[in-house]
Amino acid sequence: MESISKEFSKVEKKQQEVADLTVDNIEKMINEIQEAQKRLENDPENAGVSLKKLEQNFKELAAKALESHKEFQKVIVRYEKIVDKKWKNDITIASNPEVFANKEKVLNTTVALHFIREGRFELANRFIREAQLCIPDTIQTQFHEMYQILGAIKLENLEPAIEWARLKSKELEKRGSTLEFELHRQRYVQLLIDRQEEALAYARRKFYLFRARHIFDIQRLMCALAFKTRLSTSPYKDLLSPDLWIELQNKFMRDFCNLLGMSSESPLYISVTVGATALPTILKMATIMKEKKNEWSQQDELPVEVPLPDYMRYHSIFACPVSKEQSTEENPPMMLPCGHVICKESLNKLSRVASNARIVLMKAQQIRHCVFIFN
């Protein structure tokens, strides 16, 4: 990657040189035209000489520009060769072109919803019209509201978010959300900076609603009043952290989407990110299988485990360490007394080939089912 980065820096540098030279040549051409125009006005009898000189100057400037572009092209070609050498794998060997066969509508709907979730409403409307999709207007209306409130939070105006949280208070409470309290806490800190009396009155009006769950946080906020004139250097300076505003925006977006029954992250974004993360592993395995002329055992299952960060894991799916297959309702995970877990079919196979009857007895009397969620 270092060699690619260095070569790309050369491309950027050369591109800037060519751009500067091109602009300089254009300015020179404009000056030549203006000077030729003056000569023609002052000495029309020698128009042929003036035009001949103008033509000669144009050719010289054009030759310089062409030469600089040729040098730039050489740098680009060299960069392309380095990139091709670094990534010589054919990613098509790890793809299945039939995945989206007859699923254009599903794919287009996913793309349209992604545009809506990202706040690209004009683009979403145009895409919906061209793809002839039927997406309820209520979805766009709800996300319009979300982005309006988010915009206000970014401007440190919490009133729209506080009002929304008040209207959704019971639903947020059922989900265990702390958003409403955090909004009031941030508003209190805003007032504490330069309007301490208002901050105290605000705390008396609002915080009693949350004393059962947030008594420690409320006590800490009240103690911050003692340092109201030097809050930025006090033990409570973390209350002024700009990161709190970013966290508040993310929490609001997450809770808003949860109340709509949608994930906080775009499914399209997550799918593309997971695919890009898994691509090196899949490419390596696909290359090995192609060389050995092997095929994957199951159509909907990868032959190797792809490591993903925890925040990208959405289902509790068990893969048997013996057969490498995912468990199902017909082939559930079974826990041995030692704590190891394998699938039922693997256990049955082991019991048949076992040289003694201990595993058979264990299967009959001591094995318990694990509790997993299947989606």
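C343 is buried, at a relative accessible area of 0%. Buried means under 20% relative accessible area, exposed means over 50%, and partly exposed lies in between (1.4 Å probe, protein chains only). C257 also counts as buried, at 1% relative accessibility. C343 is in no disulfide; the nearest cysteine sulfur belongs to C320, 4.3 Å away. A disulfide here is a pair of cysteine sulfur atoms within 2.5 Å. The structure holds 0 disulfides.

This is a predicted model: local features need pLDDT of at least 70, side-chain atom pairs count only at pLDDT 80 or more, and totals for chains, interfaces and linings use all residues. Residues are numbered from 1 along each chain as its sequence is written, and side-chain values use heavy atoms, with hydrogens and water left out.

**The cores**

The largest nonpolar core has 47 residues. A nonpolar core is a set of buried Ala, Val, Leu, Ile, Met, Phe, Trp, Tyr and Cys residues joined through side-chain atoms within 4.5 Å. I116, W164, L183, Y188 and F252 touch the most other members. Helices that each supply at least two residues include α3 (104-117), α5 (137-154) and α11 (243-259). Helix α8 gives the most, with 7 residues. Helices (H or I, at least four residues) are DSSP runs, numbered from the N terminus.

Leaving aside neighbours within four places in sequence, W164 is in contact with E145, I149, L172, L179, F252, D255, F256 and L259. Contact means heavy atoms within 4.5 Å. Another core lies apart and has 8 residues, among them F318, M334, L336 and V341.

**The surface**

V99, F100 and L107 make a nonpolar surface patch of about 250 Å². Patches are made of residues with over 30% relative accessible area and no salt bridge; nonpolar side chains (Val, Leu, Ile, Met, Phe, Trp, Tyr) are joined within 5 Å, like charges within 9 Å. A salt bridge is a side-chain nitrogen of Lys or Arg within 4 Å of a carboxyl oxygen of Asp or Glu. Areas come from the Shrake-Rupley method with a 1.4 Å probe. L107 sits in helix α3. At 31% relative accessibility, L107 is partly exposed.

**Positive phi**

Most residues other than glycine have a negative phi. Two loop residues with a positive phi follow.

| Residue | Phi | Loop | Relative accessibility |
|---|---|---|---|
| N102 | near 60 degrees | between α2 (47-86) and α3 | 75%, exposed |
| E156 | about 65 degrees | between α5 and α6 | 43%, partly exposed |
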